[in-house]
Each structure stands twice: as structure tokens, then as C-alpha cells.
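Here is a short report for a first look at the structure shown below. Keep the 3D view open while reading.

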Amino acid sequence: MKPSTVWMKALQAGALAVAVFISVGASDAGSRYNDLNHKLMCTCGCAEILGECNHVGCTSSTAELSELRAAINAGQTDQEIFAAFQAKYGAVVLAAPTTKGFDLVAWIAPFAVFAAALLGTVLLVRRWASLSIGKTQAALADPANEDPAERERREKIRRETGIDGGF
Amino acid sequence: MAAFGSFALLIALALAAYNLLAGALALRLLATGQPARISPERLADTARRAGIAGFVAISMAAFALVWSVFTNDFSITYIMEHSNRALPGAYKFSALWSGQEGSLLLWAWLLGIYSFVLRLTHKTDVTLYAYAGTIMAGIQVFFLAVLCFAAPPFALMTGQIPDDGNGLNPLLQYPEMVIHPPMLYLGYVGFSVPFAFALGALMMRYPGEKWIKVTRVWTMVTWLFLTAGIFLGMHWAYAVLGWGGYWGWDPVENASFMPWLTGTAFLHSVMMQEKKGMMKSWNVWLIFSTFLLTLLGTLLTRAGLVSSVHAFAQSSIGTWFVAFMCIVLAVCIFTYILQHSHLKSEHHLESLVSRESSFLFNNLVLLTACFVILWGTLFPILSEYVVGNKVTMGAPWYNRVAIPIGLFLLFLTGVGPLLPWRSASLKSIKRNFILPVIALWVTVLVCLAAGDLPWKDGAFDYGNFFALVAFSLSAAVTTAILSEFLRGAGVISRQTGRNLLSATWLLTRRNTRRYGGYIIHIGVVIVVIGLAGSAFNRNVESEMALHDKLTIGPYTLECTGATQDSNDNYNSDFAVLDVSKNGKSQFQMTPEKRTYLASGQPQTMVAIHSTPEWDLYVVYEGTNPDTGRPIIKAFLNPLVGWIWAGLAVLVWGTLIALVPSLTPSTAALRVPAKSAPIEPALKGGIL
């Protein structure tokens, strides 16, 4: 068996094992209370996540948590709960922007900037690489640029250390 | 003392202004060669001496404020608002930075210290230091002008002078608050130095990369202070705010994190300039941006543009900062346009898969992370402006957007050191990556087997998924770094006959910058492991009567008492909890709730029992007014201790990187007499 085939098989086996473990982990829907109270804000002005507001007797968080529990017990969906909270307390009650309207920009912009920067960097490096190859070929074509002693020294070091470079 | 302090500030302002004007004139005369009645060299030296004298004046002003705090001089408004008679001595120092005026004075004083050291070491390169010193004087003029005219720390009370002050904000009455702000400010202010050198070098078309070597130590020390300041802030938030976490993506936290990100990018990319003469414009703009971000952070939190849970020093000095930032930006752009031809790269990247390329991608990711945080901080303002609707950018948004970027950065931390300069062959990639890849997959399987499943209650769980990726990447990065150490140490061991540990130490000493950098990366990995542990946090809250029990994880907390105490500064209620683990009695915890007498404000004092596995974190939330029983909230936070341990490793790595490498002559002295001579490559591995 070729080494590359062995690598592919090992990779496939690893991926399969991961998939199996992940599937095993899937379970029934449980309490959403904790998840949802971490997606809402306390409105008392403490600027804390609803589920993490630790002010004893905080009227805002106590009321909000009661409303949340009641909404879950009433069988409302997440979206219905968020909409109700937003209607009552304003958009600031949601711990993160929605994915509608102008709020969507908040989610898209970071990834769009990252993708654009990544693409730009890759293109730039490729362009530089092609320029460097041209320069290197021109330099190699000129015997005056060759330094046999230097080349020999580099080769010796590479052989003996196996270290390719450093900071 | 108020008059003395105010007068000292005015003198400092006058001296800084003279330093700026005389320095600028002298440099202009030197650059153009115009004849003048006084020689430019002498004029520049008077400017330098004025800068030194200015530092003495600012120190006097700072001393005057501290003296006023300790002598309870409540005729000064600032002292009345931020101190009181019963405040313990250590916290009286904290009063210096607990308010707007005091923290600006601290900023100006620290800037004075940096400038003082810079001016004392001017013989390293007289002209470059004269440029840098003049630019520092310009920054100093701004802060002193704000102190003299917009936020005077020695403003006097009107009407009757009260007998006692309002006291220090209870949140700040915690030991770390004595060192966290100065550390953070040393970091913020310190970036003025590399900024001044970069701008000065550009103005004078400084030949070569020497200015980067000159500023390397400044930048690293500054970066270290900022890093330590951020972590101390995290620990303070963890121990004081009582919500069980240490990072809430608050605008104040974000303000300190943004310059850290660009500063980190700068520390990486300057290596490209030093080694290859590349990315010169990029580096100049990185340090310009870092300095501007320190100002922006201050503007955001001081001007009240964004709300924050711990902005202790808000006021209306925003206009001053906006104006100064515009001036700085205009000077940077103007200088760059005028001198950018001086910044042409000597080389270009040769391959997409190379060490240089990894540095570039590292910079890209760090700057994207900085953009994300800036975007998250400013989006509520933007949203209100565009659609008239203010939104919250809380932890769920940052966790979803910033964590993937952070994990990609962690991936690059592992990949970068394994790639050679210029270009990598497929053979070397296979050879270097095989162990890290194995470590990654083994960790994935172990984590899944241990129950870190990306599904919870039938739904995809981002927290668990990110933790799984973080643990796996951490294993891969650690393996990559350790294999780098072992490879180099193995060669030295073979050459010198030393054991592997001794060879590793010698290897590190021979290239402190490289291996110190690797140790920093290991510190980052340890921190990431600690952060990933937060995916498994759990908590339980209960009202506890005497001998009631509360169980969390393997711990059982039994309430054995609830009592009260008081002193001149505060009254406190605390619960006494006996903690047993798996049925065996272990230790006692006393979470506390204080009410400060001067301000009447309550404050929690969390009880934390820390182990490498997890922290048992107990909060006394108060007393139920109906039953009179204490309400206790207990958290079990896995791996938090790793975050603080990671900081220690990070500091250690930075200190090693700051130590000069052994020179060939001193290295030779450390080789056993009978051993063979060492090849040049082993002295640093730079090919």
C-alpha cells in the first residue's frame, strides 16, 4: 500500500470515529431555560447577561426570569420569546443582534472583512512569489551570483541539524 | 498642596511645550542645514533637558495628589470624591487612578517616566532619540493641557469643606486594583515610545532597521505590562464582580484588548523587517494604529460613548481626545505620504507556505480580531445612528464571531514555527507536521470519549464544539513547539554530550528571542485551555438555613453559620460554609457581602478554592428579607487556574526573550572543554 493511501485511510478512519462519537452524543431536547437566559440581558442597567445578574432582589432580572419560565412553560418557540421580550423591553434586551434587517450587518461584516483580507493576502503572496521566482531565476543564470562556499556551508548545516530556520 | 500641584502641572506644561518647539526647531535646522544664532545641537540639548525637568515637575504634581490623599485634604474636590479617612493606606494610592483627573495624571506621569529614561539613554543615537523625544513631548503637551484646562486634579471645593470624603468605589477596594491599573497604563503609555521612534525614523528617513532593534526592548516590555494588566483585570473581575466569569466583552475590556492585538501583530511582523527587510510600511502603520487605539480606547470609555459596567472615570473630555487623535492621524498620514519611498521592501515573499507567509497570516488574523472587537464595541452606536435602534453586543455575539478567529490564530501558532523561511518542501512539511497531527486527532478522540460532545440536549452546542477544537489544537501546538525544542536540543546534546535538559537550556540561551517566543506560545496555549474550560461551567443557587447543604460536582457545602463583622470602612455579612468532597471534610469557605460606610454601596467578596482541575467559586448574594437566610450561589468553573498559570509562563517567556542571547564567545565558554566546536547554525539557527 502506498504511503499516501495509508494517510488517506487513517484520515478517513479518524473522521468516521469523530462522526460516530458525535452521533452518540445527540440526545433529546431538554430544558431551554438556561440557554435562553444567557441570550437575554438584565434590563436594570447592570449590563449583565440575564442568567448571570447576581444582584439580590434585582426587580428586573427576577421579573424577566419569571416571564421567561412562563413563556417556556406555555410552549412558545425561541423566536416568539425573543420577540415578546423585544417588544416589551426594546432591542437592548437581546444579548446579541438578530439576523434580520440592519442587525445582519453586525454578523456579516466581521466574516466579510476576514474573507476579503484572506483573499487579498493570498493574492498578494502569490504575486510576490511569482516576482521572486523571476528574480531568483535571473540571479541563478548569472554565475557571478553563485557562492559555492556559502552553498556548501548551508548544505552542511542542513544535513547536520535538520533545522530549517529560526526567528 | 493644591496650589503646589497646580503650579507643578503648569510648569510641566511649559517645559513640555518648550521641549516640543525647541526640539522641532533644532531638528528642522539640522535637516535643512540653515544657519542660526544658536547651534541646533545645543538647542536640541536644551529641549532634552527641558524634558527631564518636565518629568521632575510632573512627579511633584503626582506627589502632591498622593500627599493630599494621605493627609485627607478634602478641600480638593478629587480627594473628597475618591477617598475618605477610614480608607486603608494601600487603597489611598489607588485613589490616584480611581477617577478621571487622577488617572490622567498617572498617564502623564508614566509618560514622563518613559520619556525620562529615553532622554537619559539618548547617546545610543542622538538624532533618532531627539526626534523620538520631541514627539514624546508633543504627546506630553496634550495630556498636560487636558490636566491643566479640562480635568484639573487639584480643583478646589466650593462652599463648606466636608469632614470626610465620599470614599473609594468599593469595586476598587481590592488588592489587585492597586497594581492592575498602573500595569495597564504602563502598557498603554508605553506604546507611545515605539510610536515616537517609528514616526521619528520615518521623518528623518532613518537608514536601516536599527530603530526597530532600539525599540524592541521598549515594545516587549510595554507588551508585557499590557498583557499583565489585562490578566490582572480579568482576575479582578473574576474575584470581585461575583458573576463567575472573568471576561465579559465590556467596552473597557475591549479597549485594552485592541492595542494588545495590534501590538502583538507588530511584535511578529517586525521580525520580517529585521530579517528580510520586508513589510516596512505595514510595521509603521501597525505601531501608528496601536498608539491610536490606546487613545481610542480611552476616548470610548471616558467620553461616555459606550456604556460599561466598570467605567469609573467618565467625563466630557472626549472632544480633546478626538481633536488629538485627528492631529496624530494627520501627522502620521502626512509623514507617510512624504516619506513612503523610504519604506520600500528589499525582498518579497517567495512562497505561500513559508515562515514569512505564516507571519503575514498571523498579522491578518490579529488585525481581523481587532476589527471584530472594534466593530462589536461601536456597532450599538452605528445601529442607533442608522436605524435609531440601539442593540446589545453581548458575550453571545463575541463568542460566536471572535472565538473561531481566535482558534484560527491558535492554529497558526502551531503551524508557523514548523515552516522554514523562504519556502517549504512537501517532505519537510510531512516530517514536521506528522506528530502535531497525530496529537490533534488523539486529543479529539480522547475529548469525545471523555464526554466533550458538540451536541447537548439534541442541539448543536457551540461551547462544547469550540472547547473540543481548542483542546485539540492546543495539543497539536504544544507538540509542535516541544518537537522544535527537542530537535534543537538533540543536536546540541549530540554535539556536546550534555543531557537533554541541559541542552534545552543552552539552546534557549543561544537564541533567547526564538525560544522565549516559543515559551510565550506555550503560555498562550495554557491560557486557551483555561478559557476553553468555561464551556463546562455549572452553578447552583440556594437559600441556606443553618446546616442546610448544597451540592455541586463532587463538593457539598454545609452552612455552619452566618455572621456579621464591622470596621471603620465597612460592615460585612458572611456565611461560614464547611466544604466536603466525596463525603470527606476538606476546608471552610467564608463568602462575604460588604457595605461600605462612606458610600453606602454593597460589594461581594467571593470565596474561591482553586485547584488545577477547577475552581469552587462561592458568592454570598445577600439575605432573603422574608426569611433572613443567606442566599448562596456556587459555581464550579473548570480549568480557570490554567489561565493564571498561563500568564506566569507568558511572563517567563517574555523575560527570557528580553535577555540577550549568548554571543559566540560566551557560548563557547559554556561548552565542556573536551567537546567538539559547535557549528555556527547551532548558535541561533538562522539560515
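The report goes from the two chains down to single strands and residues.

## The model and its two chains

This is a predicted model. Chain A has six helices and zero strands. Along the sequence, its pattern reads α-α-α-α-α-α. Of the 167 residues in chain A, 21% are buried. Take the contacts in chain A between residues at least 6 apart in sequence: 35% of them join residues at least 24 apart.

Chain B holds 20 helices and 12 strands. Buried residues account for 53% of its 687 residues. For chain B, 73% of the contacts between residues at least 6 apart in sequence join residues at least 24 apart.

## Overall size of chain B

The C-alpha trace of chain B spans about 85 × 75 × 60 Å along its principal axes. How does the radius of gyration of chain B fit that of a compact globule? A compact globule with 687 residues would have a value near 26 Å, and chain B has 28 Å, which agrees.

## Domains of chain B

The domain assignment splits chain B into four parts listed by residue range. Two of them are made of a single stretch each: domain 1 covers 1-170, and domain 4 covers 537-641. Domain 2 is written as 174-343 + 359-389, and domain 3 as 395-535 + 645-683.

Domains 2 and 3 of chain B touch: 18 residues of domain 2 are in contact with 17 residues of domain 3. Which helices of chain B each supply at least two residues to the domain 2 side? They are α9 (210-241) and α13 (355-387). Helix α13(B) gives the most to this side, with 10 residues. By type, the residues on the domain 2 side are 13 nonpolar, five polar and no charged.

## A buried phenylalanine in α10

Phe257(B) sits in helix α10 of chain B, which covers residues 251-276. Is Phe257(B) buried or exposed? It counts as buried, because it has 22 C-beta neighbours inside 10 Å, and the cut-off for buried is 20 or more.

Leaving aside residues up to four places away in sequence, Phe257(B) touches Ile230(B) and Ile373(B). Thr227(B) is another residue to look at: it is 30 residues from Phe257(B) in sequence, with a C-alpha to C-alpha distance of 8.8 Å.

## A four-stranded sheet

Four strands of chain B form an open sheet, in the order β3-β12-β11-β10. The pairing is antiparallel. The edge strands are β3 (538-543) and β10 (607-610) of chain B, and each pairs on one side only. On average, neighbouring strands of this sheet are turned by 15 degrees against each other, direction ignored. In general, strands of a sheet pair through backbone hydrogen bonds.

## Strand β11 and its partners

Start with β10(B) and β11(B), where β11(B) covers residues 614-623. Four bridges join these antiparallel strands. A hairpin of three residues connects β10(B) to β11(B). Ile608(B) stands opposite Tyr617(B) in β11(B). Ser610(B) stands opposite Asp615(B), also in β11(B).

Next comes β12 of chain B, residues 630-638. Nine bridges join it to β11(B), and the two strands run antiparallel. Tyr617(B) appears again here: its bridge partner in β12(B) is Phe635(B). Six residues lie between β11(B) and β12(B) in their hairpin. In that turn, Gly628(B) has a positive phi of about 75 degrees. Why is β11(B) described as largely enclosed by the rest of the structure? Because eight of its 10 residues are buried.

## A hairpin of β4 and β5

Another antiparallel pair in chain B is β4 (residues 549-552) with β5 (residues 555-566), joined over four bridges. Leu550(B) has Leu557(B) as its bridge partner in β5(B). The hairpin leaves two residues between β4(B) and β5(B). Gly553(B) lies in the turn and has a positive phi of about 55 degrees.

How values were computed
Residues are numbered from 1 along each chain as its sequence is written. Chains are lettered from A and ligands numbered from 1 in the order in which they are written. This is a predicted model: local features need pLDDT of at least 70, side-chain atom pairs count only at pLDDT 80 or more; totals for chains, interfaces and linings use all residues. Two strands pair if DSSP finds at least two bridges between them. Axes are lines fitted to C-alpha atoms, for helices over the stretch in contact, and angles run from 0 to 180 degrees between N-to-C directions. The radius of gyration is taken over C-alpha atoms; the globule rule is 2.2 Å times the number of residues to the power 0.38. A residue is buried if 20 or more other C-beta atoms lie within 10 Å of its own, exposed if 12 or fewer, and partly exposed in between; C-beta atoms are placed from the backbone. Two residues are in contact if their C-beta atoms, placed from the backbone, lie within 7 Å. Domain bounds come from an automatic or database domain assignment. Ala, Val, Leu, Ile, Met, Phe, Trp, Tyr, Cys and Pro count as nonpolar, Asp, Glu, Lys and Arg as charged, and the others, Gly among them, as polar.
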